[in-house]
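Hi everyone, and thanks for coming. Let me put the structure up on the screen, and then we can walk through it together.

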There are 2 protein chains.
Amino acid sequence: MKVALPKNLLAEQIALLERVIPSRSSNPLLTYAGLAVGPETLVLFGSNGEVDLEVRLPAQVQGEGAYLVPSQPFFQLVRSLPGEEALLSLERELELSSGRFTTRLSLAPMEGYPELLFPEPGGPSEAFPLQATLPAGDLLRLLTQVRYAASNEEYRAIFRGVQLEFSPGGLRAVASDGYRLALSELPTPQPFAKKAVVPARSADEVVRVLKALGEGEVALALGPGTLGLAMRGEGAEMRMAVRLMEGEFPDYEKVIPKDFPLRVRLQVEPFREALRRVSVLSDRQNHRVDLLFQEGRALLSAEGDYGKGQEEVAVAMEGTPMGLAYNARYLLEALAPLEGEAFLEMSGPTSPTLVRPSGEGGYRAVVVPLRV
Amino acid sequence: MKVALPKNLLAEQIALLERVIPSRSSNPLLTYAGLAVGPETLVLFGSNGEVDLEVRLPAQVQGEGAYLVPSQPFFQLVRSLPGEEALLSLERELELSSGRFTTRLSLAPMEGYPELLFPEPGGPSEAFPLQATLPAGDLLRLLTQVRYAASNEEYRAIFRGVQLEFSPGGLRAVASDGYRLALSELPTPQPFAKKAVVPARSADEVVRVLKALGEGEVALALGPGTLGLAMRGEGAEMRMAVRLMEGEFPDYEKVIPKDFPLRVRLQVEPFREALRRVSVLSDRQNHRVDLLFQEGRALLSAEGDYGKGQEEVAVAMEGTPMGLAYNARYLLEALAPLEGEAFLEMSGPTSPTLVRPSGEGGYRAVVVPLRV
């Protein structure tokens, strides 16, 4: 099997695979990158056991076959090739040449490598019977807006994932660690109703790949225990399969407060900056910052081992003046996806606060205040 | 004591101190930053026990005194101040205010803090009786060109430093780990003859500070066990004192080869790129790359667990064809300070090779080939 393609195209696209393929693994074959050919196409693939990724590049090809090549030296060599074109000849070894440089890399047989199943961009398939299509930018936004709220703890493992909820009402992403919650919604009706929990780390890989591919439509598919993605990016086609977590989130709707004795409208940027400054001196364990809302001002204050800091920010208030304390990190993270104007809606000094944009936008976050 | 100065000036200049002041230390006072005043000057100082640094900034001042402030929250707060001006009021606490933000930081007494001695920019002083002046860029070049060759091993501790040699013939910096050597020379006559070994890590701090200060003249001074530096940078004056290592390098001149059966002239950039590519497949322990010089070509080849690579580079040769093997990392590091055209001068297949620029330039490196 022989392949010829522009060196730069190959070098750019292997970057997508590079983070997925592990440098060490209990299955050493997973440290290899796969090379195969289709009609005028070089197919690169790899997996870390949780995320499978395939990238298809236009190339001149001859012959057929599928081979495994040691990924680290292969990636390093491809990036440093001196010529404009990369020539790959695979038989018992991979001969990679470009300009005056030639190298021979040993290959491993495909035997023992897991079978990778990907969705078909065209529509549902046997392996992925449910399929929806949406703009890649929307999926990217849903995932990045809620990712921070996912748990890192072993306790209640389901919270280490991001739940995607497909329904005729739209697509929603939710994450929570039991102390706070973030959700982001897209109103576009989905062709099926299903919940799927993606491990947060795998969600990070999806985000990374979507960012690299730029704008376009992404096909989002569900098969048994698997979320599939397919997308045509600039110069390459990408397909991905992500192992889902078992189970789903407990009913979180009930922790989202509905009645608010105090509603505060504020400019996100100056409020966030003030919160950041004041929090520098907060207690290092609980990052406690006190907020007193009264007479159209928020008075932020914190005190820790090194001293105390305070600052005032003008806000618009509706309701009863109130004093609360938050873990500053949690509140900063809840505000991070927002810009312009936002609402903090307080259900009480020790009961959950809702954070949301003042205008449209499907983002909402719930933060529980610290006990005073 | 009260101080007022532009926030941006303060924020920029504390960056110099920030890396020197440790976040943890067996003497907790070293984690503090010092604040004092001079005539229309705010003096900031800090030390990690090996490197002392003082920065003087123009400021409006009232009163006098010297105080220690917890450096991490102080630096973080200064960077995030909302206003254009920073106001510092120091008495029992530091009150730092800017715009609507006010904070109070606890202070520590100066008692127990080491006395810091710096050279005087004007000329020799009691603490630093020997003093020379040179362009900061020249000192920067000497240190950065040889730094890589310093040892990381405990064995023969003196090689963990960079030796500065002041003499009427010029100023030389040398580093070696016993297997290779780098030296860089400035022909400008120095007003005294003395050798001083600067710990490599402290040399890194000197490099960092010189880079931040930009162009100008630096005063380089020697006192008992100490190298002093003083320089006026953009907007600030800097003084530094670096603890020296005891002793000096053994006579290294004798390992620098003088007779060369083969001299190779090459273009650094393409040779280096080829060497980098070929070395990808080299043995992971010794990074061995074989070089065969014959008929106006260098044939580079390497072989490791994953396969083998080779490449040819055109060179100009004078002398006997020769085959040698090097640790590719050592050869790449020896070539790193060079650009354009360079000489590799071989004293034999298993005896030291001299690397130097083909034109002027005080840089030379010695690399010992691997035994074939």
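Let's start with one pair of residues: A:Arg104 stands opposite B:Lys308, which sits in strand S21 of chain B. These two belong to strands from two chains, S9(A) and S21(B), residues 307-314, which run antiparallel and are joined by five bridges. Please keep in mind that we are looking at a predicted model.

Now step back to the whole interface between the chains. How many residues of chain A are in contact with chain B? There are 28 of them, and they touch 28 residues of chain B. Together the chains bury about 2,300 Å² between them, and carbon and sulfur atoms give 59% of that area. Three residues are worth finding on your screen: A:Arg100, A:Arg277 and A:Tyr306 supply 27% of the area that chain A buries against chain B, more than any other three residues.

What about charges and polar groups? The rule finds zero salt bridges across the interface of chain A and chain B. It does find 10 residue pairs in polar contact there, counting pairs where both residues have pLDDT 80 or more.

Which elements of chain A give two or more residues to the side that touches chain B? They are helix H2 (71-80), strand S9 (101-106), helix H5 (268-279) and strand S21 (307-314) of chain A. S21(A) gives the most, with seven residues. Sorted by class, this side of chain A has 13 nonpolar, eight polar and seven charged residues.

Next, let's look inside chain B. One open sheet there has eight strands, in the order S6-S2-S3-S4-S17-S16-S15-S10, with antiparallel pairing. At its edges are strand S6 (66-70) and strand S10 (130-135) of chain B, each pairing on one side only. On average, neighbouring strands in this sheet are turned by 20° against each other, ignoring direction.

Zoom in on two of those strands: S2 (residues 32-38) and S3 (residues 41-47) of chain B pair in the antiparallel sense over five bridges. Here B:Gly38 has B:Thr41 in S3(B) as its bridge partner.

Two helices lie across strands of this group. Helix H1 (residues 7-20) of chain B crosses S3 and strand S4 (51-58), running at about 175° to S4(B). Helix H4 (residues 200-213) of chain B lies across S4, S15, S16 and S17 of that chain, at about 170° to S17(B).

Chain B also has an open sheet of nine strands, in the order S14-S11-S12-S13-S26-S25-S24-S18-S22, with antiparallel pairing. Where does this sheet end? Its edge strands are S14 (194-199) and S22 (316-319) of chain B, and each pairs on one side only. Neighbouring strands here are turned by 15° against each other on average, direction ignored.

Within this sheet, five bridges join S24 (residues 341-346) to S25 (residues 353-357) of chain B, and the two run antiparallel. One pair to look for is B:Leu344 with its bridge partner B:Val355 in S25(B).

And we meet H4(B) again: this helix packs on the nine-strand sheet, touching S11 (161-167) and S14 of chain B, with its direction at about 90° to that of S14(B). Helix H6 (residues 328-335) of chain B packs on the sheet as well, touching S13 (180-186), S24, S25 and S26 (363-367), and its direction makes about 170° with that of S26(B).

Thanks for listening!

Note on methods: Residues numbered from 1 in each chain as written. Chains lettered and ligands numbered in written order. Predicted model: local features only at pLDDT ≥ 70, side-chain atom pairs only at ≥ 80, totals over all residues. Heavy atoms only, no water. Pairing = 2+ DSSP bridges. Helix = DSSP H or I, 4+ residues; strand = E, 2+ residues; numbered from the N terminus. Axes fitted to C-alpha atoms, helices over the stretch in contact; angles between N-to-C directions. Contact = heavy atoms within 4.5 Å. Buried area = accessible area lost by both parts, 1.4 Å probe. Salt bridge = Lys/Arg side-chain N within 4 Å of Asp/Glu carboxyl O. Polar contact = N/O pair within 3.5 Å; in protein donor to acceptor, adjacent residues only side chain to side chain. Nonpolar A, V, L, I, M, F, W, Y, C, P; charged D, E, K, R; others polar.
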